[in-house]
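Me: Hey, I've just opened this one and I'm new to it. Can you walk me through it?

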Amino acid sequence: MTPLELANRYMEIFYGGESLDALASLFSDKFSFKGPFYEFNTAEEYIESLIANPPKELGYKIIEAYENNTSACLVYQFSKPGISTIMSQIFEVSNGKISRILLVFDTRAFT
């Protein structure tokens, strides 16, 4: 899969109600996630945190999507009850798997 295909598949799983364990097939052995609220250094830590506190009643609408040989960037309108904000995620890819995700958004919408 291309970086953009991997990023879109991630979004389908995360927002689509599929088993969050399915994310593991997209992640490389050396995976990390960094966002405004959380940071994880392994795919296992990240997936376990999502399973422990699963995303609920979430939606998104892609505003822009970009890719190059080793990464993809999605800019989208995130929504859940009472919250709507623009988010951006950069997905770095290595050997056909997502190796790093950087999530960026203004946290004021959540406080």
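**Walking through the model**

Reply: Sure, let's begin just after α1, where Gly17 takes a positive phi of about 80°. Keep in mind that this is a predicted model.

Me: What about α1 itself, how many residues does it have and how far does it reach?

Reply: α1 has 14 residues. From its first C-alpha to its last it reaches 19 Å, close to the 20 Å expected at 1.5 Å a residue.

Me: Which residues of α1 are buried?

Reply: Pro3, Leu4, Leu6, Ala7, Tyr10, Met11, Ile13, Phe14 and Tyr15.

Me: And what do those buried residues of α1 pack against?

Reply: Their partners are β1, α2, β3 (59-67), β4, β5 and β6.

Me: OK, on to the core. Which residues of the largest nonpolar core touch the most other members?

Reply: Tyr10, Leu23, Phe27, Tyr46 and Ile98, out of 31 residues in that core. At least two core residues come from each of α1 (3-16), β1 (27-34), α2 (43-52), β4 (71-80), β5 (83-94) and β6 (97-105).

Me: Which element gives the most to this core?

Reply: That's α1, with 8 residues.

Me: Why would nonpolar residues gather like that?

Reply: As a general tendency, nonpolar side chains in soluble globular proteins are buried together.

Me: Let's zoom in on Phe27. What does Phe27 touch, leaving out residues up to four places away in sequence?

Reply: Tyr10, Ala43, Tyr46, Ile47, Lys97, Ile98 and Ile101.

Me: Ile47 is on that list. Where does Ile47 lie?

Reply: In helix α2. Ile47 counts as buried because its relative accessibility is 8%, and the cut-off for buried is under 20%.

Me: Which residues is Ile47 in contact with, neighbours within four places aside?

Reply: Leu20, Asp21, Leu23, Ala24 and Phe27. Take Leu20: Ile47 and Leu20 are 27 residues apart in sequence, while their C-alpha atoms are 6.7 Å apart in space.

Me: Switching to β5. Is Thr85, in strand β5, buried or exposed?

Reply: Thr85 is buried, because its relative accessibility is 11%.

Me: What does Thr85 touch, again skipping residues up to four places away?

Reply: Tyr76, Gln77, Phe78, Asp106, Ala109 and Phe110.

Me: New topic: pockets. How much space lies in the largest pocket?

Reply: About 630 Å³. The pocket is lined by 25 residues, and the closest to its centre are Phe14, Tyr38, Leu50, Asn53 and Pro55.

Me: Which elements each supply at least two residues of the lining?

Reply: α1, α2, β4, β5 and β6 do.

Me: What's the make-up of that lining by class?

Reply: There are 19 nonpolar, 4 polar and 2 charged residues.

Me: Back to backbone angles. You gave me a positive phi for Gly17. Which sign of phi do most residues other than glycine have?

Reply: Negative, as a general rule. Here, Glu57 has a positive phi of about 50° although it is not a glycine. Asn95 also has a positive phi, about 50°, and is not a glycine.

Me: Where are Glu57 and Asn95?

Reply: Glu57 is in the loop between α2 and β3, and Asn95 is in the loop between β5 and β6.

Me: Are they buried or exposed, Glu57 and Asn95?

Reply: Glu57 is exposed, with a relative accessible area of 65%. Asn95 counts as exposed too, at 79% relative accessibility.

Me: What about the start of the chain, where is Thr2?

Reply: Thr2 is found in the segment before α1. With a relative accessible area of 32%, Thr2 is partly exposed. Thr2 and Glu67 are 65 residues apart in sequence, and 8.4 Å separates their C-alpha atoms in space.

Me: Last one: where does Ser19 sit?

Reply: In the loop between α1 and β1. Ser19 is partly exposed, at a relative accessible area of 45%. Its C-alpha is 15 Å from that of Leu58, with the two residues 39 apart along the chain.

How values were computed: Residues numbered from 1 in each chain as written. Predicted model: local features only at pLDDT ≥ 70, side-chain atom pairs only at ≥ 80, totals over all residues. Heavy atoms only, no water. Core = buried A, V, L, I, M, F, W, Y, C linked by side-chain atoms within 4.5 Å. Buried < 20%, exposed > 50% of the residue type's maximum accessible area, 1.4 Å probe, protein only. Helix = DSSP H or I, 4+ residues; strand = E, 2+ residues; numbered from the N terminus. Contact = heavy atoms within 4.5 Å. Expected span 1.5 Å × (residues − 1). 1 Å grid on protein atoms, 1.4 Å probe; cavity = no way out; pocket = protein on both sides within 12 Å on 5 of 7 lines; lining within 4 Å. Points joined across faces, edges and corners; volume = space filled by probe spheres on them. Nonpolar A, V, L, I, M, F, W, Y, C, P; charged D, E, K, R; others polar.
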